[in-house]
Amino acid sequence: MRVEWVPLNDLGRAVAEQGSGLTDAVSRVVSSGWFVLGPEGTAFEEQLARYLGVAAVAGVANGTDALDLAVRVGMPPGRTAGLTAANAGGYATTAIKRAGYQVVLADVDASTHCLDVPQVEAALADRPDVGVVVVTHLYGRLAPVAAIRAVCHRRGIRVVEDCAQALGARGPDGAAGSLGDLATFSFYPTKNLGALGDGGAVATGDPELMALIRALRQYGWDTKYSVRTPGGCNSRLDELQAAVLAFRLPALDAWNATRRAILARYAAAAGSRVRVLPADGPTHVAHLAIVETAERAALADAMAGYRIRTDVHYPVPDHRQPGWQDAFGGPRLPVTEALAERILTLPLFPEMREDEIERVCTALERFG
Ligand SMILES: *Cc1c(COP(=O)(O)O)cnc(C)c1O
């Protein structure tokens with residue numbers, strides 16, 4: 001008998017489980033005849049703002065647009081650069097570049113893989129042009145936003161939290177998305193809260209910044225056909241996606257708990273050759289199951305032997321990307337570079353079956 005592969009993710013299972021609740025949300029929008037910037041979008045924006053404990057949320061077309069808009073409205077006058085990490089998939093770098101600013105890269109903490117506060121401080125020391133720092137809550141783990149804010153606010157720099165992987169993470173100071181000056185979200189289908197297509201959002205407690213985001217996402221209009229704000233674009237969350245997200249958000253905390261429980265089983269099964277990045281409590285929503293090992297190729301082979309899919313998030317740091325012929329100010333990023341060789345991603349999604357979880361645990365145990 002051919003054993004089926006354990007997939008990294010299987011979005012069809014969530015759709016099958018959610019059944020008529022999901023299709024009812026879709027049908028409601030289809031029969032309403034209102035598809036862009038309507039009541040579903042407003043309701044979801046309010047629902048997400050309440051969930052996060054922030055003053056306001058604006059839906060946009062995707063997470064990269066959310067970053068672009070947040071960086072643009074967050075950049076103080078006279079500043080021309082944004083700082084971020086090089087190990088987070090390149091989304092913040094893409095957005096900062098597209099917004100027309102230079103990118104400064106800082107190294108990450110070897111244990112958490114999130115921006116390292118002393119490294120951020122060191123990188124800012126000789127870059128007075130930096131006006132925005134984008135902090136990614138990588139793999140679902142809450143990054144040290146309060147410490148980075150303290151470093152940034154002394155220098156007139158705004159902090160943008162990239163919450164694409166961390167919706168639902170909560171620390172003692174509040175939820176991911178309520179800790180920075182602005183926060184961005186992606187509802188790409190594989191995220192912990194996924195749409196049936198692309199979607200994104202920006203959150204902020206600053207009403208002036210929110211008004212700018214709302215203007216820029218729709219051509220820079222203040223009222224219909226009247227451009228008041230320069231630099232506008234078209235980036236809107238459509239009604240279908242908003243209705244799907246509103247239906248799914250109430251279940252998010254339970255899905256995140258299931259993700260954490262699966263990751264804890266991997267951590268318990270792993271031997272001394274593998275370190276599973278832990279997700280112990282509510283500060284981590286276990287978006288991805290990342291392990292570290294000096295023997296990545298051997299571990300990937302061992303997993304494939306058990307017909308378990310693996311991947312690498314992310315294999316090429318931003319300053320090594322062939323398409324970015326950008327010196328990035330010649331950063332020294334030894335931790336980022338070493339981790340890129342050591343990380344491997346294992347399957348993790350709330351609808352994993354017990355036999356699949358057990359197979360991953362067995363493979364980890366046998367590898368040692
Ligand atoms: C997915 C992701 C994004 C980008 O979101 P899109 O909706 O795909 O544009 C940004 N940042 C991080 C950390 C992500 O994981």
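User: Where does the ligand sit in this model?
Analyst: The model is a predicted one. About 490 Å³ of space lies in its largest pocket. More than half of a molecule's atoms must lie within 2 Å of a pocket's grid points for that molecule to count as sitting there. The ligand sits in the largest pocket.

User: Which helix gives the most to the lining of the largest pocket?
Analyst: Two elements, α3 (63-74) and β14 (343-346), each supply at least two residues of this lining. The element that gives the most, with 3 residues, is α3.

User: Which charged residues have a polar side-chain atom close to the ligand, at 2.6 Å from a nitrogen atom and at 2.7 Å from an oxygen atom?
Analyst: The residues that surround the ligand include Asp162 and Lys191, and Asp and Lys both count as charged. A polar side-chain atom of Asp162 lies 2.6 Å from a nitrogen atom of the ligand, and one of Lys191 lies 2.7 Å from an oxygen atom of the ligand. The residues asked for are Asp162 and Lys191.

User: How much of the area that the ligand exposes when taken alone does the protein bury?
Analyst: A backbone N or O atom of Gly63 lies 2.7 Å from an oxygen atom of the ligand. Taken alone, the ligand exposes 380 Å². Of that area, the protein buries 93%.

User: How many polar residues does the shell around the ligand have?
Analyst: The shell includes Asn62, Thr64 and Gln165, and by class it has 3 nonpolar and 2 charged residues. Its number of polar residues is 6.

Terms used. Residues numbered from 1 in each chain as written. Predicted model: local features only at pLDDT ≥ 70, side-chain atom pairs only at ≥ 80, totals over all residues. Heavy atoms only, no water. Near = heavy atom within 4 Å. Polar contact = N/O pair within 3.5 Å; in protein donor to acceptor, adjacent residues only side chain to side chain. Areas by Shrake-Rupley, 256 points an atom, 1.4 Å probe, with all protein chains shown as cover. 1 Å grid on protein atoms, 1.4 Å probe; cavity = no way out; pocket = protein on both sides within 12 Å on 5 of 7 lines; lining within 4 Å. Points joined across faces, edges and corners; volume = space filled by probe spheres on them. Helix = DSSP H or I, 4+ residues; strand = E, 2+ residues; numbered from the N terminus.
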